[in-house]
Amino acid sequence: MTTTATKPGVGPSGPHNPRAAITAKTLRTDRWWLAPLITFVGLGAWVTYATVRVFMHDYYFVEAYHYLTPFYSPCLTDRCVEGSALFGTPLPSWWILPEAAFTLPFLLLFRLTCYYYRKAYYRAFWLSPPACAVPDGHAKYTGETRFPLIFQNAHRYAFYAAMIISLINTYDAIIAFRSGDSFGFGLGNIILVGNVVMLWLYTLSCHSCRHITGGRLKHFSKHPVRYRVWTFVSKLNVRHMQLAWITLGTLALTDFYIMALELGWFSDLRFVG
Ligand code: FES
């Protein structure tokens, strides 16, 4: 390793640079590139799959069991197949318009502005920086204080939207306990409910949620209910990164299962009805 370190405070940009002058790109010798690489591949694969599915405009609803994929919920274009549109079909069937055109932009905003995903894609896609103690891939760093990244501060509002969308997904999962006009229960229900539970855990583990429940309080002792809620959210918050990835998995699994049923690749495993 060829490195040259000089006095702290005397860096390559002059005496005001607070960093030591180190000629090596990084002093890290571990596989620091592995985490951003896995993130790049994982997020890239998921976004590709979701984009293809959203613009497929097909195989999103199993009429016999009322399974609707979350990628198409709520279904709002006049292309929505019979029984899949629970809130009417106010939108035209333009190819460029997803069936869930009212919810997907907010879900995208929610994930894009999420504190965890920001870290993930700043590192994996923008290399800004790719890892701790590894130089930024860009000459200049301006943080999130100016356009366009200043809009990351809208995360709290995206959180409110995500709460409403989670309610819609919950409703979808509940009304899927049907087979024809009577009660029914199959593997698809387990997948739908599992996805919704994970979506709720991810949404509630949000850093904004933690601040909403317990922020700006001087005395927790005077707000015992908020303290309890904040304690619960804080416990979830510790697992936020894991929940972010788990929900990507459950969303893709739910969508894929419903698409596969519709394509006739296999049948739903039915326990009742
Ligand atoms: S911080 Fe990740 S969803 Fe809010």
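1. A residue counts as buried when its relative accessible area is under 20%, as exposed when that area is over 50%, and as partly exposed in between. With that in mind, 41% of the 273 residues of this chain count as buried. Please remember as you read that this is a predicted model.

2. Here is the overall layout. The chain has eight helices and six strands. Starting at the N terminus, the elements follow the order α-β-β-α-α-α-β-β-β-α-α-α-α-β. Taken along the principal axes, the C-alpha atoms fill a box of roughly 75 × 50 × 35 Å.

3. Helix H1 is a good place to begin looking around. Phe-40 sits in this helix, which covers residues 34–54, and Thr-39 belongs to H1 as well. How much of each can be reached from outside? Phe-40 has 40% relative accessibility, so it counts as partly exposed. Thr-39, by contrast, counts as buried because its relative accessibility is 10%. Thr-39 also has a partner from another part of the chain: its C-alpha atom is 6.7 Å from that of Ala-120, although the two residues are 81 apart along the chain.

4. Phe-40 is also one of the members of a nonpolar patch on the surface. The other members are Trp-33, Leu-34, Leu-37, Ile-38, Val-41, Phe-125 and Trp-126. Together, the residues of this patch have about 750 Å² of accessible area.

5. Now for the charged pairs. Side chains of opposite charge can pair when their charged atoms come close. How many salt bridges does a search of the whole structure find? The search finds five. One of them joins Arg-53 and Asp-255, with the closest N and O atoms 2.6 Å apart. Because Arg-53 lies in helix H1 and Asp-255 in helix H8, this pair ties together parts that are 202 residues apart in sequence. Both Arg-53 and Asp-255 are buried.

6. Two further salt bridges deserve a look. Arg-270 pairs with Asp-268, their closest N and O atoms being 2.7 Å apart, and both of these residues are buried. Asp-30 and Arg-28 also meet through their side chains, at 2.7 Å from N to O. Asp-30 counts as partly exposed, with 40% relative accessibility, and Arg-28 counts as partly exposed too, at 28%.

7. Helix H8 has a helix partner as well. How do H5 and H8 run relative to one another? The axes of H5 (residues 187–204) and H8 (residues 240–263) come within 9 Å and cross at roughly 155 degrees. That angle makes H5 roughly antiparallel to H8, since angles over 145 degrees are counted that way. The crossing of the two helices is left-handed.

8. The loop between helix H3 (115–124) and helix H4 (155–175) holds several backbone details, and Pro-129 is found there. The peptide bond from Ser-128 to Pro-129 is cis, with omega near -15 degrees. Pro-148 lies in this loop too, and a cis peptide bond joins it to Phe-147, with omega about 0 degrees. Ala-133 is another residue of the H3–H4 loop. Its phi is positive, near 65 degrees, in a residue other than glycine, and Ala-133 is exposed, with a relative accessible area of 63%.

9. Finally, have a look at His-57, in the loop between H1 and strand E1 (61–62). His-57 is not a glycine, yet it has a positive phi of about 55 degrees. Is His-57 buried or exposed? At 10% relative accessibility, His-57 counts as buried.

Technical notes. Residues are numbered from 1 along each chain as its sequence is written. This is a predicted model: local features need pLDDT of at least 70, side-chain atom pairs count only at pLDDT 80 or more; totals for chains, interfaces and linings use all residues. Side-chain values use heavy atoms; hydrogens and water are left out. Patches are made of residues with over 30% relative accessible area and no salt bridge: like charges are joined within 9 Å, nonpolar side chains (Val, Leu, Ile, Met, Phe, Trp, Tyr) within 5 Å. Accessible areas come from the Shrake-Rupley method with a 1.4 Å probe; for residues, only the protein chains shown count as cover. A salt bridge is a side-chain nitrogen of Lys or Arg within 4 Å of a carboxyl oxygen of Asp or Glu. Helices (H or I, at least four residues) and strands (E, at least two) are DSSP runs, numbered from the N terminus. Buried means under 20% relative accessible area, exposed over 50%, partly exposed in between (1.4 Å probe, protein chains only). Axes are lines fitted to C-alpha atoms, for helices over the stretch in contact, and angles run from 0 to 180 degrees between N-to-C directions. Angles under 35 degrees count as roughly parallel, over 145 as roughly antiparallel, 65 to 115 as roughly perpendicular and the rest as oblique. A crossing is left-handed if the near helix is turned anticlockwise from the far one by less than a right angle, and right-handed if clockwise.
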